[in-house]
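Me: Hi! I've got a model open and would love to talk it through with you. Mind if I just fire off questions?

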Number of protein chains: 2
Amino acid sequence: MIYSIGQLSKLAQCKIPTIRYYEEIGILDKATRSTGNQRQYTQAHCERLNLICHSRALGFSLKEIKQLIKLQNGQFDSGQKSHSIVQSHLTDVRNKIAKLKELELQLLTLVEQCHQSETSDCLCVSALK
Amino acid sequence: MIYSIGQLSKLAQCKIPTIRYYEEIGILDKATRSTGNQRQYTQAHCERLNLICHSRALGFSLKEIKQLIKLQNGQFDSGQKSHSIVQSHLTDVRNKIAKLKELELQLLTLVEQCHQSETSDCLCVSALK
DNA sequence: CTTGAACCTCTAGTTACTAGAGCTTGTAGA
DNA sequence: TCTACAAGCTCTAGTAACTAGAGGTTCAAG
């Protein structure tokens, strides 16, 4: 299964120039090229790109994402170093989850406020059920 | 309770130039100034800054954060518009939570792999208990 | 008063995209 | 085969969000 950059863009919900950028900086493996010099991506590229984009949307830097990719590829440094990297990411993830749950509660509070401020016009509460 | 920019920086875990940047673009209210022209921040500033920094760390853009702040200040547009903004953010938050939980699982898998690849040197498993 | 830390503004650089110009390739239809 | 349009290419430069450093001022402690 071979994808053009446009197809990959749609699959991974990631803009074409961004994909080129990721390839240029090395976080996404270089694509092979057709005889017309067009990029040819594989399913593995697609999965990698999904990981990158989701992690970016969650606030991880590209540097952090690179670390994760290395670890997922089984490229472990010394046990202690990999351990501290994984541990650090895990702590970060759990902090983000906690913070997002707080934010969720705040947004639900806003729903209530929105309902109270414009009872006749606001469909917030019914829409959330 | 009045804070200098350095104090606020420590409280909110946010760099001084970033605080200045946020004030300049208007996402953080302007501080009053001392007779020596130094910024004087309040507890309210501190709470606002916490919201901004946490939201940034979670991958929200400053534009999105501005929207949230407006809503929290009770500045509602028409009911339909505020509803769709809140709904959109709530959906985003829930998606991020789901994605983070996936990532957490992946990291826990990495813990196992790390353990298997370097059993004698790796303290991952015991450290997580 | 002196000294060093913390503050100020301003300029410019870094990271992470994003847009557009000008060109080539691929594909569908006539 | 030709034409037209969509999708691809590289390159330059701009935007968003910080970040660093220069050169100066203010503050606080000794």
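Me: How do the residues lining the largest pocket divide by class?
Reply: The lining of the largest pocket has 6 charged, 4 polar and 3 nonpolar residues. Ala, Val, Leu, Ile, Met, Phe, Trp, Tyr, Cys and Pro count as nonpolar, Asp, Glu, Lys and Arg as charged, and the others, Gly among them, as polar.

Me: Before we go on, what should I know about the model and its numbering?
Reply: This is a predicted model, where local features need pLDDT of at least 70 and side-chain atom pairs count only at pLDDT 80 or more, while totals for chains, interfaces and linings use all residues. Residues are numbered from 1 along each chain as its sequence is written, chains are lettered from A and ligands numbered from 1 in the order in which they are written, and side-chain values use heavy atoms, with hydrogens and water left out.

Me: Thanks! Which residues sit nearest the centre of that largest pocket?
Reply: Of the 13 lining residues, the ones nearest the centre are R56(A), G59(A), R56(B), G59(B) and F60(B). Two elements give two or more residues to this lining: α3 (43–57) of chain A and α5 (79–117) of chain B. Helices (H or I, at least four residues) and strands (E, at least two) are DSSP runs, numbered from the N terminus.

Me: And how much space is in there?
Reply: About 280 Å³. A pocket is an open set of points on a 1 Å grid over the protein atoms alone, where a 1.4 Å probe fits, with protein on both sides within 12 Å along at least five of seven lines; lining residues have an atom within 4 Å of a point. The volume is the space filled by probe spheres set on the points, which are joined across faces, edges and corners.

Me: What about the second largest pocket: what volume does it have?
Reply: The second largest pocket comes to about 210 Å³. Elements giving two or more residues to its lining are α1 (5–12), α2 and α3 (43–57) of chain B.

Me: Which of those helices gives the most?
Reply: That would be α3(B), with 5 residues. The lining includes N50(B), C53(B), H54(B), R56(B) and A57(B), along with Y22(B) and others. By class, this lining has 6 nonpolar, 4 polar and 2 charged residues.

Me: Switching to the DNA. Which residues are closest to strand D?
Reply: S4(A), G6(A), R39(A), Y22(B) and R56(B) are the closest, out of 19 residues that surround DNA strand D. Of the strand D atoms that come within 4 Å of the protein, 87% are sugar and phosphate. A residue is near a strand if one of its heavy atoms lies within 4 Å of it.

Me: Which side chains reach its phosphates?
Reply: Among them is R56(B), with a side-chain N or O atom 2.8 Å from a phosphate oxygen of strand D. For S4(A) the distance is 2.9 Å, and for R33(A) it is 3.1 Å. A polar contact is a pair of N or O atoms within 3.5 Å; within protein, one must be able to donate a hydrogen and the other to accept it, and residues adjacent in sequence count only if both atoms are side-chain atoms.

Me: Which helix gives the most to the surface near strand D?
Reply: α2(B) does, with 4 residues. That surface has 8 polar, 6 nonpolar and 5 charged residues.

Me: And which residues are closest to strand C?
Reply: 19 residues surround DNA strand C, and Y22(A), R56(A), S4(B), G6(B) and R39(B) are the closest. A polar backbone atom of G6(B) is 2.7 Å from a strand C phosphate oxygen, while polar side-chain atoms of S4(B) and T18(A) lie 2.9 Å and 3.3 Å from one. α2(A) gives the most to the surface near strand C, with 4 residues.

Me: Last topic: is S55(B) buried or exposed?
Reply: S55(B) counts as buried because its relative accessibility is 2%; buried means under 20% relative accessible area, exposed over 50%, partly exposed in between (1.4 Å probe, protein chains only). S55(B) lies in α3 of chain B, and its side chain reaches the backbone oxygen of L51(B) at 2.8 Å. Not counting residues up to four places away in sequence, S55(B) touches F60(B) and I65(B), where contact means heavy atoms within 4.5 Å.

Me: And what does I97(A) contact?
Reply: Leaving aside neighbours within four places in sequence, I97(A) is in contact with L100(B), K101(B) and E104(B). I97(A) lies in helix α5 of chain A and is buried, at 9% relative accessibility.
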